[in-house]
Amino acid sequence: MKRFLFVMALLLAYTISGMAQTDRQYIRSGNKYYRQQNFVKAEAEYRKSLSVNPENPQALYNLGCALVMQKKDSVAVQQFEKAAKIETGRMRKAKIYHNIGFVCQSHKLYGDAINAYKESLRNNPADNETRYNLALCQRLNKSEQNRNKNNQNKDKNKDKQKKDKDKKQDQNKDKNNNKQDKENKEKQQEKMSRDNAEQLLNAAMQNEQATQRRVKDAMRQTRSRKLDKNW
């Protein structure tokens, strides 16, 4: 079960010597507004505390919690990360990383959540809830990777099918073009054959006409010679 941890100032008691009283007062005031679910005012008080002492991990942690409640998750994680760098107590550091994991898990950033939960368990190996969240995220992350892999395979198959379809269309297009070229060539050859036949026929007719003229001329000449002879 996912669980967001907000620990009040009394539970996150710090024994930091020399810290100004107003610093802790702002935190207590922020905690009061937080319990009343007035997260906007709680955020303002925690920021006032940080204006007095920017290195206060308790104020950073509580500010992150108030931001999460306002669904300002990305800014909240930044505050948690700042707190984790400063915090020296292992139990409190474990709570910080637990919350980072919680936010990442809520956004299905399972890889980041896994890393945060692991870091939380390094600081508090006895936290069974964090261990459960870690196992859940690992399972969900694996399922997502398998789903992405299946989607990639589907995309590859779609691409292959599209390429095969395009290739087939190109082949059919080439085949149709070749067929059309062949038909055009046959039509051209047929037209040439027709034209040649007409030319040969015309030539033959012209030859025949010329031959008939020669025959007629020869016959006229023969009649003329006969008449001359009879004369």
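Biologist: How many disulfides does the structure hold?

Modeller: Keep in mind that this is a predicted model. A disulfide needs two cysteine sulfur atoms within 2.5 Å. Take Cys137: its closest cysteine sulfur, in Cys104, sits 8.9 Å off, too far for a bond. For the structure, the number of disulfides is 0.

Biologist: And is Cys137 buried or exposed?

Modeller: The cut-off for buried is under 20% relative accessible area. Cys137 comes in at 0%, so Cys137 is buried. Cys65 also has a value of 0%, and it too is buried.

Biologist: What pattern does the chain follow along the sequence?

Modeller: There are 0 strands to place, and the helices number 7. Reading along, you get α-α-α-α-α-α-α.

Biologist: How far apart are the end C-alpha atoms of helix 2?

Modeller: Helix 2 runs over residues 39-52, which is 14 residues. At 1.5 Å a residue it should span 20 Å, and the model agrees: the ends are 20 Å apart.

Biologist: Why do the buried residues of helix 2 sit on the same side?

Modeller: The buried set is Phe39, Ala42, Glu43, Glu45, Tyr46, Ser49 and Leu50. An α-helix has 3.6 residues a turn, so residues three or four places apart point the same way. Around the axis of helix 2, the buried set covers an arc of only 165 degrees.

Biologist: Which exposed residues does the face turned away from that buried side carry?

Modeller: We're still on helix 2, looking at the opposite face from the buried side. The exposed residues there are Val40 and Ser51.

Technical notes
Residues are numbered from 1 along each chain as its sequence is written. This is a predicted model: local features need pLDDT of at least 70, side-chain atom pairs count only at pLDDT 80 or more; totals for chains, interfaces and linings use all residues. Side-chain values use heavy atoms; hydrogens and water are left out. Helices (H or I, at least four residues) and strands (E, at least two) are DSSP runs, numbered from the N terminus. The expected span of a helix is 1.5 Å times one less than its number of residues. Buried means under 20% relative accessible area, exposed over 50%, partly exposed in between (1.4 Å probe, protein chains only). The arc is that of the directions from the helix axis to the C-beta atoms.
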